[in-house]
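Reader: I have a structure open on my screen and would like to understand the labels people attach to it. Could you walk me through the reasoning behind them?

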Amino acid sequence: MQFHHHGYVSTDPRMQPAAGVGLDRPADLPDEVDVLIVGTGPAGMITAAQLAQFPDVNVRIIERRPERLAIGQADGIQARSVETFQAFGFAERITAEAYHLTEMAFWAPDPEDPSRIIKTASPPDDPTGVSEFPHLIVNQARVLDYFAEAAYNAPGRLTPDYGYEFKALEVTQEGDFPVRVTLAHTSGSQKDVERVIHAKYVVGADGARSGVRAAIGCTLAGQSANHAWGVMDVLANTDFPDIRTKSAIQSSTGGNILLIPREGGYLFRMYVDLGEVPEDDAGNVRKTSIDQIIAKANAIIAPYTLDVKNVAWSSVYEVGHRLTDRFDDVPADERGTRSPRVFIAGDACHTHSAKAGQGMNVSMQDGWNIGWKLGHVLDGRAPEALLDTYSLERQVVAQNLIDFDKEWSTLMAKPAAELGSPQEVADFYTRTAEFPAGFMTEYEPSMIVGTADHQELATGFPLGKRFKSARVVKVCDTNPAHLGHFHAADGRYRIYVFADRAAPAEASAVRELAEWLAGPESPIAVHTPAGRDSSSLFDVRVIYQQGHHDVNLNDVPDAFKPTVGPFELVNLENVYAKHPDIDIFEERGISRDGAIVVVRPDHYVSQVLPLTARDELAAFFRGALKPAS
């Protein structure tokens, strides 16, 4: 964390100086806003936290509840989400309070006595080391609290407006605030009283029964699996030995259980198989009592028993897989004729089972994707065409998720007798580990993702996939660090310059690139508005092949040591050397001739280029950004 560059700070350094709308933020919801976010779930709150980093963008987020969420239904936090938390500044704190998932136990009927279950496998959760971050279990409400804190600590000082329910909207295409939104108070003396808000853009993160989705003519299409599950968060005593280990339990006759230990050491969640649902059930399965769910759980885990002392939360649901055909208000036959004004995210556009633990995780990536793009457009950095990429990118991700979840949830519901072997579920879990961890997303070429013409220069950073961090050493203070951990959710593009073989003081391609980056034709000069720091839109970092003792900071070009803040202090923390034990050039397949790796604000690799490809680098940013006025 870097601070003091605006003057001495003795208070919490996570709270950035207020700016723009954050200087005098009105307590009451104004009549006109740049962005109105509907819903304070994971998708809505991460969108708010990202947009709060753009202090000149007037953003409000509304919620029909009168206060914060107390008990969340989602709890699985994949490693990709923890990477995201790192960018928003709270990964370490939420990791400290969460349950850490390191193995998964698989239980099946004992071949010698099928009335009993035995453990058949316990593979590691991340067998391939796909991320340095852990797989966590933590209450959704705590995730929302941390995002709320990040939004408030940002320059925009954003806080939710509770007690407002979305009723309707109309895109008028008139004036500066063309989206007319009708809201109603949900509590207090003005309960049911309606009011109208005018917005430039609306983000509907209002759940599976989304009113925003209905208002733009989208519907969830898909099918139900006609299979029901009871889910309960409980405090209980049991002799089941893996009660504190995530477990898939399959019995011979009594159905299946997915066991999720929760944070705190005592609480755990059980998804209990309630069996097939008749077509004429008419919702009766949802009337299954908690006592019936507990009895079913005891039948499945025999010969072990479960003595429930307290039920924190419970529900019954039927597995369904549904998806909208678009994530914004522009129908397919109008795409390209106008820019979208209304967007939907999270459960508003994709629903699936809870078995893969993806709902909250994918929803957060929806919100981050649209958040920085709206920030760039409203801040004047990027053309409106950038907003077309949201639906194009995220709809594909959601379809892939539903395809995966259908296979996983079907496998979880199979009777043990129908499995090919007791290892079938465990083998699928291990084989597909990278997908549920959140690392299989790969965006197609677009105005913000280049083509793979030079991919061979950095094979470990595939175009369109998330930037996979690796260890380096920060030259200025000799501290080992993960390169990707400095990528904050501040809306900036990252330009990582991996140097060639030459020593920093020698004539080289990287020195020539640095001279150009400091000149009038570089993207920094072309796109950075007058009066802003040279690093306000771009975070440029250099990684040398030498060890840190062989890099003299005085030999490093000034392009990698930008001046920041009102005192024009020199930032020395963007210069890195290889780690003594792990060479990032070898670990990520980076050419010894060097490479440029451009990374989007949301961690995805945008471009890989040779050090000499200055024209290509400039052309990429001319497509992604507007020139400064």
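Author: Happy to; what follows is a conversation about how some labels in this predicted model are earned.

Reader: Let's start with charges. How do you know that Arg142 and Asp145 form a salt bridge?

Author: The side chains of Arg142 and Asp145 come to 3.1 Å, N to O. A salt bridge needs a side-chain nitrogen of Lys or Arg within 4 Å of a carboxyl oxygen of Asp or Glu, so the pair qualifies. Both residues belong to helix H4 (residues 140-153), where they sit three residues apart, about one turn of the helix.

Reader: Why is Arg142 called partly exposed?

Author: Its relative accessibility is 28%. Buried means under 20% and exposed means over 50%, so Arg142 falls in between. Asp145, with a relative accessible area of 22%, is partly exposed by the same reasoning.

Reader: What makes Asp593 and Arg501 a link between distant parts of the chain?

Author: First, the contact: their side chains meet in a salt bridge at 2.7 Å, N to O. As for the distance along the chain, the two are 92 residues apart. Asp593 is in the loop between helix H12 (584-587) and S26, while Arg501 is in the loop between strand S21 (493-498) and helix H10 (509-517). Arg501 has a relative accessible area of 53%, and because exposed means over 50%, that label applies to Arg501.

Reader: Why are Arg600 and Asp602 called buried?

Author: Arg600 has a relative accessible area of 0%, and Asp602 has 2%. Both values are under 20%, therefore both residues count as buried. Arg600 and Asp602 also form a salt bridge, with the closest N and O atoms 2.8 Å apart.

Reader: How many salt bridges does a search of the whole structure find?

Author: The search finds 42. Some are joined into a network, which links Asp75, Asp233, Arg262, Glu263 and Arg269.

Reader: Now the surface. What makes the patch formed by Asp453, Glu456, Glu521, Asp615 and Glu616 negative?

Author: Asp and Glu count as negative, and the patch is formed by residues of these two kinds, so the name follows. Take Glu616, found in helix H13 (residues 614-624). Patch residues need over 30% relative accessible area, and Glu616 has 38%, so Glu616 meets that condition. Glu616 is still called partly exposed, because 38% lies between the 20% and 50% limits.

Reader: Let's turn to the backbone. What is unusual about the phi of Asp192?

Author: Most residues other than glycine have a negative phi. Asp192 is not a glycine, yet its phi is positive, near 75 degrees. Asp192 is placed in the loop between strand S10 (179-185) and strand S11 (194-204). Its relative accessibility is 57%, which is over 50%, so Asp192 counts as exposed.

Reader: And is His603, with its positive phi, buried or exposed?

Author: His603 has a relative accessible area of 6%, which is under 20%, so His603 is buried. The phi of His603 is about 85 degrees, and the residue lies in the loop between strand S26 (595-599) and strand S27 (605-609).

Reader: Where is the cis peptide bond that involves Pro303?

Author: The bond joins Ala302 and Pro303, with omega about 15 degrees. Pro303 is in the loop between helix H6 (290-300) and strand S16 (306-323).

Reader: One more topic, the strands. How do you know that S3 and S7 are paired?

Author: Two strands pair if at least two bridges are found between them, and S3 is joined to strand S7 (residues 135-137) by two, so they pair. Within that pairing, Ile77 has Leu136 in S7 as its bridge partner. The open sheet has three strands in the order S3-S7-S4, with antiparallel pairing.

Reader: Why are S3 and S4 called edge strands?

Author: Strand S3 (76-77) and strand S4 (99-101) are the edge strands because each pairs on one side only.

Reader: Which sense of pairing does S25 have with S19, and which with S22?

Author: Strand S19 (residues 471-474) and strand S25 (residues 575-578) run antiparallel, joined by three bridges. In S25, Lys578 is the bridge partner of Val472. Strand S22 (residues 538-543) pairs with S25 in the parallel sense over two bridges, and there Ile543 stands opposite Tyr576.

Methods
Residues numbered from 1 in each chain as written. Predicted model: local features only at pLDDT ≥ 70, side-chain atom pairs only at ≥ 80, totals over all residues. Heavy atoms only, no water. Patch = residues over 30% accessible without salt bridge, like charges linked within 9 Å, V, L, I, M, F, W, Y side chains within 5 Å. Areas by Shrake-Rupley, 256 points an atom, 1.4 Å probe, with all protein chains shown as cover. Charge placed at Lys NZ, Arg CZ, Asp CG, Glu CD. Helix = DSSP H or I, 4+ residues; strand = E, 2+ residues; numbered from the N terminus. Buried < 20%, exposed > 50% of the residue type's maximum accessible area, 1.4 Å probe, protein only.
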